[in-house]
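Here is a round of short questions and answers about one model. Each answer sets a value against a cut-off and concludes.

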Amino acid sequence: MDNKAFDCYQCKKSLYGQKYTVREDNPYCVKCFESIFANKCEGCKNPIECDSKDLTYKDSHWHEACFKCAKCTCSLVEKPFAAKDELLLCIDCYSNEYSAKCFKCNASIMPGSRKIEYKGCNFHETCFVCQGCQQPLASKSFVPKHSSLYCIPCYENEFAQQCAACKKAITKDGIAFEGKPFHNECFLCTGCKKTLAGEKFTSKDNTPYCMDCFTNLYAQKCSACAKPITGQGGGQYISFEDCQWHSDCFACSKCKASLVGQRFLSEQSQLFCTECGQDM
């Protein structure tokens, strides 16, 4: 090979005993190569020398020593970083400056980590927890109460009314009796145990009964037909000397004429109209 093969393609100086590099099969001395082809460092604004590592991000270039966080100046080489307004920032600086703050702990929510948004506020996933059991709520149903959040079991244990019968929380419609709450299905007749919710019922000694059980157990019996006198549905009854009658049953024992509003005679628990009484 002749001597010209070892001349710099640009300045024509001999490259024998000198450092050089090749570009498109042409040899260049270091000075010419750097002046023509070297990228300018975004940090120091100087060319990136042939023997220096050229770090590239979005068509921009840096010396390895210049590839730093724009705020804290720590090296970003082989570290995660973020870009903001053409500046490169380490994750800590980016988070402190631009990341959302957790409403609970006030710390930054790091890029790439899961963020929970609730009512315009941001939370770390680990901070969005039940006030009671402290378990994460991100994938659970929850109830807000007094500026705090509760999972369903904790809310029921803490705030829901307890059924007076089964002692479990009442989460749907219930019924109140004598100041105590009951599940609809737990509010039962003391006698026959059928459900009283939505049915007519009465009580005896603060104990609920359906109308049939109450009538059978406690209603007065008609002295004529011996059937219970309930007084329900607008029904009327007649009382005389500790005895009671249905209005329809209050009649003369002999002629069966009604005695309601009439004068009558009583003889050995029997009633007679005045005419039948005179024949006796």
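Q: What share of the contacts with a separation of 6 or more comes from residues 24 or more positions apart?
A: The share is 9% in this predicted model. A contact here means heavy atoms within 4.5 Å.

Q: How do you know that the protein is not a compact globule by its radius of gyration?
A: Set the two values side by side. A compact globule of 280 residues would have a radius of gyration near 19 Å, but the protein has 49 Å. The spans along the principal axes are about 165 × 30 × 25 Å for the C-alpha trace.

Q: How many helices and strands does the protein have?
A: There are five helices and 20 strands.

Q: What part of the protein counts as buried?
A: Buried residues make up 28% of the 280. The cut-off for that word is under 20% relative accessible area. The accessible surface comes to about 19,200 Å². Carbon and sulfur atoms hold 46% of that surface.

Q: Why is Asn-122 called buried?
A: Its relative accessible area is 19%. Buried means under 20%, so Asn-122 passes. This residue is found in strand β8.

Q: What does Asn-122 touch, leaving out residues up to four places away in sequence?
A: Its contacts include Ala-100, Lys-101, Cys-102 and Phe-103. Ile-109, Lys-115, Ile-116 and Glu-117 are also among them.

Q: Which residues of α2 are buried, and what do they pack against?
A: Ile-91, Cys-93, Tyr-94 and Ser-95 are buried in α2. The buried residues of this helix pack against β5 (81-84) and β6 (87-90).

Q: What makes Lys-45 and Glu-42 a salt bridge?
A: The rule asks for a side-chain nitrogen of Lys or Arg within 4 Å of a carboxyl oxygen of Asp or Glu. Here the N to O distance is 3.8 Å. That is within the cut-off, so the pair counts.

Q: Are these two partners buried or exposed, or in between?
A: In between. Lys-45 has 48% relative accessibility, so the label is partly exposed. Glu-42 has 37%, and that residue is partly exposed as well.

Q: How do you know that Arg-114 and Glu-125 form a salt bridge?
A: Their side chains meet at 3.0 Å, N to O. The limit is 4 Å, so this pair counts.

Q: What does the pair of Arg-114 and Glu-125 tie together?
A: Arg-114 lies in the loop between α2 (91-98) and β7 (115-118). Glu-125 lies in the loop between β8 (121-124) and β9 (142-145). The pair therefore ties together parts that are 11 residues apart in sequence.

Q: Why are Arg-114 and Glu-125 called partly exposed?
A: Partly exposed is the range between under 20% and over 50%. Arg-114 has 49%, so the label fits. Glu-125 has 29%, so the label fits there too.

Q: What makes Glu-117 and Lys-115 a salt bridge?
A: The N to O distance is 3.6 Å. That is within 4 Å, so the rule is met. By this rule the count comes to three salt bridges.

Q: Why is Glu-117 called exposed, but Lys-115 partly exposed?
A: Exposed means over 50%. Glu-117 has 57%, so this residue is exposed. Lys-115 has 38%, so this residue is partly exposed.

Q: How many charged side chains of each sign are there, and how far apart are their centres?
A: The protein has 34 positive and 32 negative side chains. The centres of the two sets lie 2 Å apart.

Q: What is noted about phi of Lys-193 and Lys-256?
A: Phi of Lys-193 is near 70°, a positive value in a residue other than glycine. Phi of Lys-256 is near 70° too, and again the residue is not glycine.

Q: Where do these two lysines lie, and why are they called exposed?
A: Lys-193 lies in the loop between β12 (180-183) and β13 (201-204). Its relative accessible area is 52%, so Lys-193 is over the 50% mark. Lys-256 is in the loop between β18 (243-246) and β19 (264-267). Its value is 62%, so Lys-256 is exposed.

Q: How do you know that Asp-173 is exposed?
A: Its relative accessible area is 66%, and the cut-off is over 50%, so the label holds. Asp-173 sits in the loop between α3 (152-158) and β11 (174-177).

Q: How far is Asp-173 from Met-110?
A: They are 63 residues apart in sequence and 44 Å apart in space, C-alpha to C-alpha.

Notes
Residues are numbered from 1 along each chain as its sequence is written. This is a predicted model: local features need pLDDT of at least 70, side-chain atom pairs count only at pLDDT 80 or more; totals for chains, interfaces and linings use all residues. Side-chain values use heavy atoms; hydrogens and water are left out. Buried means under 20% relative accessible area, exposed over 50%, partly exposed in between (1.4 Å probe, protein chains only). Helices (H or I, at least four residues) and strands (E, at least two) are DSSP runs, numbered from the N terminus. The radius of gyration is taken over C-alpha atoms; the globule rule is 2.2 Å times the number of residues to the power 0.38. Accessible areas come from the Shrake-Rupley method with a 1.4 Å probe; for residues, only the protein chains shown count as cover. Lys and Arg count as positive and Asp and Glu as negative; His and the chain ends are not counted. The place of a charge is taken as NZ of Lys, CZ of Arg, CG of Asp or CD of Glu.
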